[in-house]
Amino acid sequence: MASRTEEQLRRVQRAFAMPSVQTMTSRKSSITNAFVNSLIPVVEPSVDDIEEALRILGMSAADVRCAYCGDPSTEWDHLRPLVVNRRPTGYISEIGNLVPACGKCNQSKGNKNWLAWMMSRAPRSPATRKVPELAQRVARLKAYEAWRPSVAIEFEKIVGTDAYCEYWGKLDAVIEAMRGAQGYAETLRQKIAAAHGASDSRDAVEREVLETSFDDAESPND
């Protein structure tokens, strides 16, 4: 085989991408969000509520658009986040706290204040994308907030501090069990790789994941 330049070798290497390393510990954020979302009440809207929500936002049921940018809607986003610092904010899933959104806006907004995010230079924000009629969109969302104001619920006060702390202790126990299981999985995997006669390239990557995954933030989408 003819010798190849470093650039040719790099080009070949870039043509391959090993699937990302998935570990139990790298799923801490998902587990935390599951614990948070399991506490949050879901209030189904009436048909009249939905029609009024769309009217305020300048839409119809036949053509539902992202309230932030005007692209076709793919989901309904929580206007005020449900999760901040891995704990419930007190807001719940009810129509006054939900607006139609596209995936780009939902992912970009995360758990930020909706107005500050819309006018910011965050990646894919409406201001960054130079969305037309931005002021009108903001005005509609402010009218929407005024129509059905969402008030944060004090979860801990309702259920009691002891029960609330016990619940989050269960989350800590689950995460600690995942940490132990991950260590055991590493031992078994190394034996399997050795029997296969191959070095396991996951080790270095997984060590880095293990070191950082327990400090990850909540999901940006809520």
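Right after helix H8 comes Gly197, whose phi is positive, near 75°. Helices here (H or I, at least four residues) and strands (E, at least two) are DSSP runs, numbered from the N terminus. Keep in mind that this is a predicted model, where local features need pLDDT of at least 70 and side-chain atom pairs count only at pLDDT 80 or more, while totals for chains, interfaces and linings use all residues. Residues are numbered from 1 along each chain as its sequence is written, and side-chain values use heavy atoms, with hydrogens and water left out.

Let's zoom out. The protein chain has nine helices and four strands, and along the sequence they run α-α-α-β-β-β-β-α-α-α-α-α-α. Of its 222 residues, 34% are buried; buried means under 20% relative accessible area, exposed over 50%, and partly exposed in between (1.4 Å probe, protein chains only). A contact means heavy atoms within 4.5 Å, and among contacts between residues at least 6 apart in sequence, 71% join residues at least 24 apart. The chain exposes about 13,400 Å², with carbon and sulfur atoms supplying 56% of that; these areas come from the Shrake-Rupley method with a 1.4 Å probe, and for residues only the protein chains shown count as cover.

Back to H8, which covers residues 161-196. At 1.5 Å a residue its 36 residues should span 52 Å, and the end C-alpha atoms are indeed 52 Å apart; the expected span is 1.5 Å times one less than the number of residues. Its buried residues are Tyr164, Trp168, Leu171, Ile175, Met178, Gln182, Glu186, Arg189 and Ala193. On the surface, Tyr184, Leu188 and Ile192 form a nonpolar patch with about 340 Å² of accessible area together. Patches take residues with over 30% relative accessible area and no salt bridge, joining like charges within 9 Å and nonpolar side chains (Val, Leu, Ile, Met, Phe, Trp, Tyr) within 5 Å. Ile192 lies in H8 and is exposed, at 59% relative accessible area.

Now for helix H2 (residues 28-39): its twelve residues should span 16 Å, and its end C-alpha atoms are 17 Å apart, which agrees. Lys28, Ser29, Thr32, Asn33, Phe35 and Val36 are its buried residues. Seen down the axis, they fall within an arc of 155°, so they line one face of the helix; the arc is that of the directions from the helix axis to the C-beta atoms. Their cover includes strand E2 (83-84), strand E3 (87-88) and H8.

On to charges. A salt bridge is a side-chain nitrogen of Lys or Arg within 4 Å of a carboxyl oxygen of Asp or Glu, and by this rule there are 13 of them. Glu145 pairs with Arg80, the closest N and O atoms being 3.1 Å apart. Glu145 sits in helix H6 and Arg80 in the loop between strand E1 (75-78) and E2, so the pair ties together parts that are 65 residues apart in sequence. Arg80 counts as buried at 11% relative accessibility, whereas Glu145 is partly exposed at 23%. Within H8, Lys170 bridges to Glu166 at 4.0 Å between the closest N and O atoms; being four residues apart, the two are separated by about one helical turn. Glu6, Glu7, Arg10, Arg11 and Arg14 are linked in a network of salt bridges.

Finally, H6 (residues 134-147) also holds Trp147, which is partly exposed at 22% relative accessibility. Not counting residues up to four places away in sequence, Trp147 touches Asp49, Glu52, Ala53, Ile56 and Ile95.
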